[in-house]
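Biologist: I am new to this structure and should be grateful for a close look at a single part of it, the surroundings of the ligand. Please explain how the protein and the ligand meet there.

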Amino acid sequence: MPATVVVGTQWGDEGKGKLTDLLAKEAQVVVRYQGGHNAGHTIVVDGESFALQLIPSGVLYPSVTPVIGNGVVVDPQVLLAEMATLEARGVDCSRLRISGSAHLIMPYHQELDSLAERRLGRNKLGTTKRGIGPAYADKASRIGLRVQDLLDPKIFRQKLDLVLREKNQVLAKVYNRLALSADDICARYLDEYAPRLAPLIADTVGIVHDALDAGSEVLLEGAQATFLDLDHGTYPFVTSSNPVAGGACTGAGIGPRHIARVIGIAKAYLTRVGSGPFPTELTGSSGDELVERGHEFGTNTGRRRRTGWFDAVMARQAVRLNSLSEIALTKLDVLDTFETLRVCVAYEHDGTRYEHLPYHQSVLHQATPVYEQLPGWRTDTTGTTSVADLPTAARAYVDRLSELAGVPIHLVGVGPGREQFVRVGD
Ligand code: GDP
Ligand code: IMO
Ligand code: MG
């Protein structure tokens, strides 16, 4: 059976965790293909909330093999803590498999991430300070340590000694910080983490292909989102990996011909954490209302998210960049109290109208959104279980977003609970 990709279409936190969990019911393998513990994916089951960072959202189903793919950057301490928290809540993590080719987040990555942000001052990117950027930079520089190195203490130490010489120079001479000790790092990574992770390290490419060959359903779960993509996002205000659907191929180890379905997740409005352009941003009371009603605070970092109206220009670009077959729309219920809603249908800049994302980012920074107004429904939709029960104006809003994006919307979220999705169409 071909694979399905779940990809964020905005700036993250669209509800990838919730949708992946919903689809995982029918899946045998769920792979996280990029990112690290900068992600926070929430699943709410019977009022109980699970906030996952590294472990794929299929983990709650005993029938699923959760896989951390080669495209992910892994902080072993965070992973072990996440496993312990889940185990304490009765979720079995022994089925988890981790790619030996995934890169390790090392203590210097986290420190350098924080220091670089401080150095940038008011130009900071607003990263999660988890070491994600520095870890991917080392991967590209070919000086990263990989998960498989945990299995070979001699190689681990050799690689660490080499890289630490440079990192300690930077820490001391650029940032005036104390040097890190290779002995301390080895004690943690090799003595403490390696024995606990060793049974989980596996040939994940083999696992994924065996499942595909056997006709099993494979789900590929993205972290972050299209406009945080290193190549296609609002650079430099992006993450350091490729969340777009193409990243699912490299990050899981499959070719594009295996992917039949690409589901883009979009919130019914927009949010963004951290710095960067945001044409439809709301800074007044409507923005506050979205924050309050949508509980728009980072799942793991607790940071307040910026909010704005739905942007169809971005949605159209996300359709293109990911070959989206459909969109799952979340958090429609958050709009329940609004009298009127706005949707950005195009941008205007210097007398030019842009129906598609301008390639030059200065335009995006300065563009004026062209809005279309739609009536609100002022009805509580959280109990809605079928599309027929959605207020007419809510249905019209969903239909208009679908029309503007150019792909169907098959699922509409009306609350955080696992069951709070309404199916539209077939
Ligand atoms: P992810 O990073 O894409 O997995 O999304 P997050 O979990 O970081 O953020 C989405 C938030 O919205 C979480 O708190 C979810 O529980 C919540 N959520 C998801 N879908 C809906 C929905 O349809 N309605 C409401 N009200 N909340 C939702
Ligand atoms: P999920 O998977 C929202 C943002 C950070 C910052 C930028 C770079 O839960 O949707 P990084 O630490 O990755 O170098 O930070 O990316 N960011 C996210 N924003 N949701 C996320 O993940 C994010 N992961 C990173 O806020 O602006
Ligand atoms: Mg999140």
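Modeller: A polar contact is a pair of N or O atoms within 3.5 Å. The model is predicted, and every distance below is computed from it.

Ligand 1 is surrounded by 20 residues, and the closest of them are G15, K16, G40, T42 and D333. Two of these residues, G15 and K16, approach the ligand through their backbone. At G15, a backbone N or O atom lies 2.8 Å from an oxygen atom of ligand 1. At K16, a polar backbone atom is 2.7 Å from an oxygen atom of the ligand. A further contact involves G415, where a polar backbone atom is 3.1 Å from a nitrogen atom of ligand 1.

How much of the ligand's area does the protein bury? Ligand 1 exposes 590 Å² when taken alone, and 92% of that area is buried by the protein.

As for its location, ligand 1 occupies the second largest pocket. Two elements, α1 (16-24) and β3 (41-45), are the ones that give two or more residues to the shell around the ligand. K16, whose backbone contact was described above, lies within the range of α1, while T42, one of the closest residues, lies within that of β3. The picture thus joins backbone contacts at G15, K16 and G415 with a ligand whose area is 92% buried by the protein.

Notes
Residues are numbered from 1 along each chain as its sequence is written. Chains are lettered from A and ligands numbered from 1 in the order in which they are written. This is a predicted model: local features need pLDDT of at least 70, side-chain atom pairs count only at pLDDT 80 or more; totals for chains, interfaces and linings use all residues. Side-chain values use heavy atoms; hydrogens and water are left out. A residue is near a molecule or strand if one of its heavy atoms lies within 4 Å of it. A polar contact is a pair of N or O atoms within 3.5 Å; within protein, one must be able to donate a hydrogen and the other to accept it, and residues adjacent in sequence count only if both atoms are side-chain atoms. Accessible areas come from the Shrake-Rupley method with a 1.4 Å probe; for residues, only the protein chains shown count as cover. On a 1 Å grid over the protein atoms alone, a cavity is a set of points where a 1.4 Å probe fits but cannot get out, and a pocket is an open set with protein on both sides within 12 Å along at least five of seven lines; lining residues have an atom within 4 Å of a point. A molecule sits in a cavity or pocket if more than half of its atoms lie within 2 Å of its grid points. Helices (H or I, at least four residues) and strands (E, at least two) are DSSP runs, numbered from the N terminus.
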